[in-house]
Each structure stands twice: as C-alpha cells, then as structure tokens.
Amino acid sequence: MFRLLHAFTQLGGEVHGLAELARASALDDSTVYRILRCGIQQGAFVQVARGRYRLGPAAVRLGTQALTPRLQDRALSSCLEQLRLAADGGLVFLYGLTNLGHPQRHCIDMAVGSSDLSELGLPPRDLMSINRSLRIGASGRAILAHLSDNLQQRVLAEKLPPAVGPGVYRGRNELLASLAEIRAKGYAVGYQECVRGWDSVAAPVLWGGTVLGSVVLMKPSSPPTVARDRYERAVTSTTAEVSRLIGGF
C-alpha cells in the first residue's frame with residue numbers, strides 16, 4: 001500500500017493508470033489492482049474513469065493527522081519573536097504549503113512587533129495575491145525549490161500578478177537557477193521581489209525531506225553585508241528549530 005501511495009507522489013499529476021502505477025511501485029499488475037480495489041473502499045483512492053485512479057480523501061486525512069499534533073503554537077510563536085529580536089526588528093512570517101486547488105503558501109504565524117503591515121505600501125488585495133504565489137519572494141522560492149518537478153512546473157506556468165517588486169524573477173531559466181542555488185545553500189535571499197524597498201531571507205521548513213513551509217525575515221533594503229550575513233544565519237537557525245518542533249524530535 002505504501003509503495004503504491006509513494007508511486008502516486010513520484011509520478012506527478014493527479015490521475016494514473018494501473019500499468020504506470022505498477023511500474024512506478026515495482027509491483028505486478030494484479031497486486032496493484034487488489035490494493036486499489038481495497039483502497040477505494042477505504043477512501044485512500046478514487047477511480048475517476050475506467051482503469052484510471054487518483055489519491056482519495058483518506059490520503060489527506062493521513063497527512064492532516066501526521067501534522068496536527070506537531071504544531072505547538074506557543075513554541076512556534078516564540079521562535080519567530082526570537083528571530084525578530086535577533087535581527088534588530090523587521091517582519092517575520094511562518095508560511096505553510098497548501099495544495100488546495102494549486103500549490104501555494106499561506107501565513108500561519110507572524111512576529112511583527114509594533115509594525116503596521118500597511119508600511120509595506122500595498123493594499124491588502126495585492127499583498128494577499130503576491131504572498132500566495134510560490135514563485136515570488138524568498139519565502140515562496142524556498143518552498144518551491146523542494147517541490148517535485150511536476151508541481152514546480154505548475155507554479156512556473158503561473159502569471160505574475162501586476163503588483164510585484166522590481167526584483168522578482170521573470171525569466172524561467174533565471175528562476176530555475178535560483179531554485180538550484182537554494183537547494184545548495186539551504187536558504188533563499190530576495191531583493192525587492194515582493195515589495196519595493198524590502199529584502200528578505202527565507203529557509204524551508206522540512207520534515208524528513210518533505211517541505212512543509214518556510215520562515216522568512218523581511219527587512220528594509222540594502223542592509224550592510226555583515227548584517228545580511230547575520231540575518232541569514234539567524235533565519236536558518238530559527239527554521240531548523242521550527243522544523244524540529246514540527247517533527248517532534
């Protein structure tokens with residue numbers, strides 16, 4: 001069963017036939033068929049057409065059950081506030097990955113001190129549109145860099161919203177190169193990608209190699225190089241602690 005579930009995630013896309021699932025899971029056709037039929041009864045799989053299957057609601061429940069007891073709100077909030085203090089202020093956000101309709105990010109928690117988010121200079125509608133996309137900003141790209149190729153392609157096909165910062169990655173090759181750099185370094189740096197006048201440093205929240213979200217620090221543009229290095233260290237250290245809290249070890 002787990003080999004078959006893993007095959008769905010490795011193949012990408014949503015709907016697959018019995019033969020390709022058998023190849024991907026290294027199981028024979030008859031075994032895959034029996035697992036699928038049993039899984040349909042339990043809600044793990046859904047048959048959408050003759051010989052075509054997709055993951056079902058029980059698969060979602062498994063993921064939700066795995067994550068729900070891990071999210072210790074008070075401890076997470078403390079981590080974000082400590083990062084804000086270590087960075088001498090700024091805006092700190094914890095984003096989570098959601099695949100509801102399309103791979104996006106949503107804000108789980110924040111530490112902004114006495115700051116007013118209106119100082120970013122964008123109306124709420126534009127700010128929400130920009131902060132959903134995984135191809136915009138260090139926080140989005142930190143998540144995107146650790147998604148499967150098929151999910152990356154879906155995000156790369158998005159159109160950029162009109163209200164983005166001047167530093168946003170517009171070229172496909174340039175964006176892909178940035179993702180490779182993030183995987184190599186372990187963090188992302190954005191220069192005025194989301195909002196003019198604000199830079200950001202973000203690192204992915206990982207659990208067992210699976211990306212769950214990202215932690216991002218936003219500061220006014222052009223900090224001294226020494227300070228920027230300190231911000232990068234602080235963000236990666238905080239994100240490692242957030243990953244530990246979520247993983248429960």
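**Exercise 1. Determine how exposed Arg244 is, identify its salt-bridge partner, and place both residues in the fold.**

*Solution.* Arg244 has a relative accessible area of 35% and is partly exposed, because that class covers values between 20% and 50%. This assignment, like every value below, refers to a predicted model.

The partner is found from the side-chain atoms: Arg244 and Glu241 form a salt bridge, with an N to O distance of 2.8 Å. Glu241 is also partly exposed, at 28% relative accessibility. Helix α10 (residues 225–247) contains both residues, which are three residues apart, or about one turn of the helix.

**Exercise 2. Find which residue forms a salt bridge with Glu181, and state why the two are separated by about one helical turn.**

*Solution.* Glu181 pairs with Lys185, and their closest N and O atoms are 2.9 Å apart. Both belong to helix α9 (residues 172–185); because they are four residues apart there, about one helical turn separates them.

The accessibility of each side is then assigned. Glu181 is partly exposed at 41%, and Lys185 is partly exposed at 48%.

**Exercise 3. Characterise the salt bridge between Glu193 and Arg141: its distance, its location in the chain, and whether each residue is buried or exposed.**

*Solution.* The N to O distance in this salt bridge is 2.5 Å. The pair links distant parts of the chain, as Glu193 and Arg141 are 52 residues apart. Glu193 lies in the loop between β6 (188–191) and β7 (198–207), whereas Arg141 lies in helix α7 (residues 137–144).

For burial, the threshold is under 20% relative accessible area. Glu193, at 2%, is buried. Arg141 has a relative accessibility of 2% and is buried as well.

The three pairs treated here are among the seven salt bridges found in the whole structure.

**Exercise 4. Assess how compact the chain is, and describe its contacts, surface and charge.**

*Solution.* The chain comprises 10 helices and eight strands. Its radius of gyration is 20 Å, close to the 18 Å given by the globule rule for 249 residues; the chain is therefore as compact as a globular protein of that length. The C-alpha trace spans about 65 × 40 × 35 Å along its principal axes.

Buried residues account for 46% of the 249 residues. Of the contacts between residues at least 6 apart in sequence, 58% join residues at least 24 apart.

The exposed area of the chain is about 12900 Å², of which carbon and sulfur atoms supply 54%. Finally, there are 28 positive and 20 negative side chains, and the centres of these two sets lie 6 Å apart.

Methods
Residues numbered from 1 in each chain as written. Predicted model: local features only at pLDDT ≥ 70, side-chain atom pairs only at ≥ 80, totals over all residues. Heavy atoms only, no water. Salt bridge = Lys/Arg side-chain N within 4 Å of Asp/Glu carboxyl O. Buried < 20%, exposed > 50% of the residue type's maximum accessible area, 1.4 Å probe, protein only. Rg over C-alpha atoms; globule rule 2.2 N^0.38 Å. Contact = heavy atoms within 4.5 Å. Areas by Shrake-Rupley, 256 points an atom, 1.4 Å probe, with all protein chains shown as cover. Lys, Arg positive; Asp, Glu negative; His and termini not counted. Charge placed at Lys NZ, Arg CZ, Asp CG, Glu CD.
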